[in-house]
Each structure stands twice: as structure tokens, then as C-alpha cells.
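Me: I'm new to this one. Can you show it to me and then take some questions?

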Amino acid sequence: MSDLSIDQAQQVLDSQPFSRLVGARITEFGDGTAVLEVGVREELTQQNGFLHGGVLSYAADNALTFAAGTTLGPAVLTGGFSIQYVRPASGRTLTARAEVVHTGRRQAVVRCELFTADDEGAETLCAVAQGTVLSARPA
């Protein structure tokens, strides 16, 4: 189990220049779960005004990895993930909720659902992702 607090997890996230650029924040962290949020703004959208798919992929990747870090320890790397876009993402906030499905000694399988919330807080599912996260500890 990771002994990082949510504040320490946010410090790790803040150490990633791209995470600072998009304004990501960790709002839940521990016991096989992590929630990452990004405020939607024009700079993160594509030509039709929807949140860019790359931002959704970024959020899924980091949420998957942070959730796995709660079971594998803080030294983890994404082994790979897939994402399925359910509908175009628009709203005020993007939320990526990840949960560990299985943890072994060296890897974890993690699932993530991505939602956007409107001004009233109503959420809409926009993508789902699943991936494998690997421990970066020496064997």
C-alpha cells in the first residue's frame, strides 16, 4: 500500500509540467482509487468546441496510475491503456474516477470512467478506460 497522503499525491502531480499546464488536481486518493479533475477551458478544446480527446486520455492515464500507486506503491509506470470515447465531452469540469480491479506483486489492472459536469453539477459519461500499471521498483 502507498503511504502517500492526498497532499503528497497532489505534489507528485504538480511535479509534472503538463499536469500544471492543464490545471489537474487530485480530489480523492487511497484504497485502490483516485479521482483527478480538470477544469474545462477553451485552450483544452478542439475545433468543434469539445474537450480534446488528448486531455481525456491524459486524465485517464494519470487517474489509472495514481489509483494503482495506492496498491503498488508510489514508484509506478503506465504499461498501457485503452480508452473508448462514449460521447463528445463538454461542460465545466472533467472528472476521471479510477479504481483498481486487481493488483499482483508487480502490476495492477485499473478501470476509469470519465465524466464532464455542467454548471449545475449534472454529470455525463464521456469515456471509459482500462489499463495496466507496472511497479517500477527493482525486482
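Me: Before the rest, is tyrosine 58 buried or exposed?

Reply: Buried means under 20% relative accessible area, exposed means over 50%, and partly exposed lies in between, using a 1.4 Å probe and protein chains only. Tyrosine 58 comes out at 9% relative accessibility, so the label is buried.

Me: What kind of model is this, and how are residues numbered?

Reply: Residues count from 1 along each chain as its sequence is written, and side-chain values use heavy atoms, with hydrogens and water left out. It's a predicted model, where local features need pLDDT of at least 70, side-chain atom pairs count only at pLDDT 80 or more, and totals for chains, interfaces and linings use all residues.

Me: How many aromatic pairs does the structure hold?

Reply: Rings of Phe, Tyr and Trp (its six-membered ring) pair if their centres lie within 6.5 Å; planes under 30 degrees apart are stacked, over 60 edge-to-face, and the rest tilted. By that rule, the structure's count of aromatic pairs is two.

Me: Which residue pairs with tyrosine 58, and in which helix is that partner?

Reply: The partner is phenylalanine 18, with 5.3 Å centre to centre and 70° between the planes, an edge-to-face pair. Helices (H or I, at least four residues) and strands (E, at least two) are DSSP runs numbered from the N terminus. Tyrosine 58 sits in helix α3 (residues 53-72), and 40 residues away along the chain is phenylalanine 18, in helix α2 (residues 17-22).

Me: Why is the pair of phenylalanine 29 and phenylalanine 66 called what it is?

Reply: Their ring centres are 6.3 Å apart and the planes meet at 75°, so the pair is edge-to-face. Phenylalanine 29 belongs to strand β1 (residues 25-30) and phenylalanine 66 to helix α3, 37 residues apart. As for the name asked for: edge-to-face.

Me: Which element supplies the largest share of the largest nonpolar core?

Reply: A nonpolar core is a set of buried Ala, Val, Leu, Ile, Met, Phe, Trp, Tyr and Cys residues joined through side-chain atoms within 4.5 Å. The largest one has 37 residues, and Leu56 and Cys112 are among those with the most contacts inside it. Eleven of its residues, the largest share, come from α3.

Me: How many bridges join strand β5 to β6?

Reply: Two strands pair if DSSP finds at least two bridges between them. β5 (residues 107-117) and β6 run antiparallel, with glutamate 113 opposite valine 128. The number of bridges joining β5 and β6 is eleven.
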